[in-house]
Amino acid sequence: MHKLELKVPPPVVALLIAAAMWGLSLLVPAAAAPTTLRMIVAIAIACAGIGIDIAGAIAFHRARTTINPLKPNASSALVTTGVYRFTRNPMYVGLAVALFAWAIWLASLPAWLGLPAFVLYIGRFQIAPEERALAGIFGAAFADYQSKVRRWL
């Protein structure tokens with residue numbers, strides 16, 4: 001186990017990366033994309049990301065299991081319905097989609113580095129330890145779920 005595993009809440013990771021993306025965007029001028037169109041597209045995509053996030057949270061609430069990403073060992077139910085039929089990590093997908101929208105909003109090439117940084121960090125320090133915990137709790141049921149549903153999309 002690495003000392004960064006399950007230490008920083010994913011929304012905080014997303015906010016830190018969003019701030020870094022903004023900082024990087026200051027290094028290179030924004031693309032000449034039409035501002036109004038860019039804003040509309042970014043807002044629409046951000047809303048989709050928030051919707052995915054909310055759908056994941058609602059599914060956890062309905063299953064009466066923990067939503068705390070820092071305590072996967074407290075999981076009391078394996079949620080495989082709703083948005084979890086399409087991705088094992090809808091809340092992280094939602095954050096990634098929101099960062100995608102932020103990159104569009106910023107319209108700066110270096111800002112796009114934030115998206116793979118988020119995916120790599122969350123994959124290594126959040127999802128991998130969560131999956132180990134869920135495998136320990138739910139065993140074959142989780143292995144079956146993993147074989148049928150992708151980690152991201």
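The lining of the second largest pocket comprises 14 nonpolar, 2 polar and 1 charged residues. The structure is a predicted model. This pocket holds about 220 Å³ of space, while about 520 Å³ lies in the largest pocket. The points below cover both pockets, helix H2 and three individual residues outside the helices.

**Second largest pocket**

- The lining of the second largest pocket counts 17 residues, and those closest to the pocket centre are Ala18, Ala46, Ala98, Leu99 and Trp102.
- Helices H1, H2 and H3 each contribute at least two residues to this lining.
- H3 provides the largest share of the lining of the second largest pocket, with 7 residues.

**Largest pocket**

- About 520 Å³ of space lies in the largest pocket.
- Its lining is made of 27 residues, of which Phe60, Tyr84, Met91, Tyr92 and Glu130 are the closest to the centre.
- Two or more lining residues come from each of helix H1 (10–25), helix H2 (35–63), helix H3 (90–106) and helix H4 (114–148).
- H4 gives the most to the lining of the largest pocket, namely 6 residues.
- Sorted by class, the lining of the largest pocket has 18 nonpolar, 5 polar and 4 charged residues.

**Helix H2 and Ala42**

- H2 consists of 29 residues and spans 42 Å from its first C-alpha to its last, close to the 42 Å expected at 1.5 Å a residue.
- The buried residues of H2 are Arg38, Ala42, Gly49, Asp53, Gly56, Ala59 and Phe60.
- H3 is included in what covers the buried residues of H2.
- Phe60, one of the buried residues of H2, is also among the residues closest to the centre of the largest pocket.
- Ala42 belongs to helix H2 and counts as buried because its relative accessibility is 3%, against a cut-off of under 20%.
- Not counting residues up to four places away in sequence, Ala42 touches Ala101, Ile104 and Trp105.
- Ala42 and Leu106 are 64 residues apart along the chain, and their C-alpha atoms are separated by 9.3 Å.

**Thr87 in the loop between H2 and H3**

- Thr87 is placed in the loop between H2 and H3.
- With a relative accessible area of 2%, Thr87 is buried.
- The side chain of Thr87 reaches the backbone oxygen of Arg151 at 3.3 Å.
- Leaving aside neighbours within four places in sequence, Thr87 is in contact with Val93, Tyr145, Val149, Arg150, Arg151, Trp152 and Leu153.
- Arg151 therefore appears both as a contact of Thr87 and as the residue whose backbone oxygen the Thr87 side chain reaches, and Thr87 itself is buried.

**Positive phi at Arg64 and Ala107**

- Most residues other than glycine have a negative phi.
- Arg64, which is not a glycine, has a positive phi near 55°.
- Arg64 comes just after H2, in the loop between H2 and H3.
- Arg64 counts as exposed because its relative accessibility is 74%, where the cut-off is over 50%.
- Ala107 likewise is not a glycine and has a positive phi, of about 55°.
- The place of Ala107 is in the loop between H3 and H4.
- Ala107 is buried, with a relative accessible area of 13%.
- Of these two residues with positive phi, Arg64 is thus exposed, whereas Ala107 is buried.

How values were computed
Residues numbered from 1 in each chain as written. Predicted model: local features only at pLDDT ≥ 70, side-chain atom pairs only at ≥ 80, totals over all residues. Heavy atoms only, no water. 1 Å grid on protein atoms, 1.4 Å probe; cavity = no way out; pocket = protein on both sides within 12 Å on 5 of 7 lines; lining within 4 Å. Points joined across faces, edges and corners; volume = space filled by probe spheres on them. Helix = DSSP H or I, 4+ residues; strand = E, 2+ residues; numbered from the N terminus. Nonpolar A, V, L, I, M, F, W, Y, C, P; charged D, E, K, R; others polar. Expected span 1.5 Å × (residues − 1). Buried < 20%, exposed > 50% of the residue type's maximum accessible area, 1.4 Å probe, protein only. Contact = heavy atoms within 4.5 Å. Polar contact = N/O pair within 3.5 Å; in protein donor to acceptor, adjacent residues only side chain to side chain.
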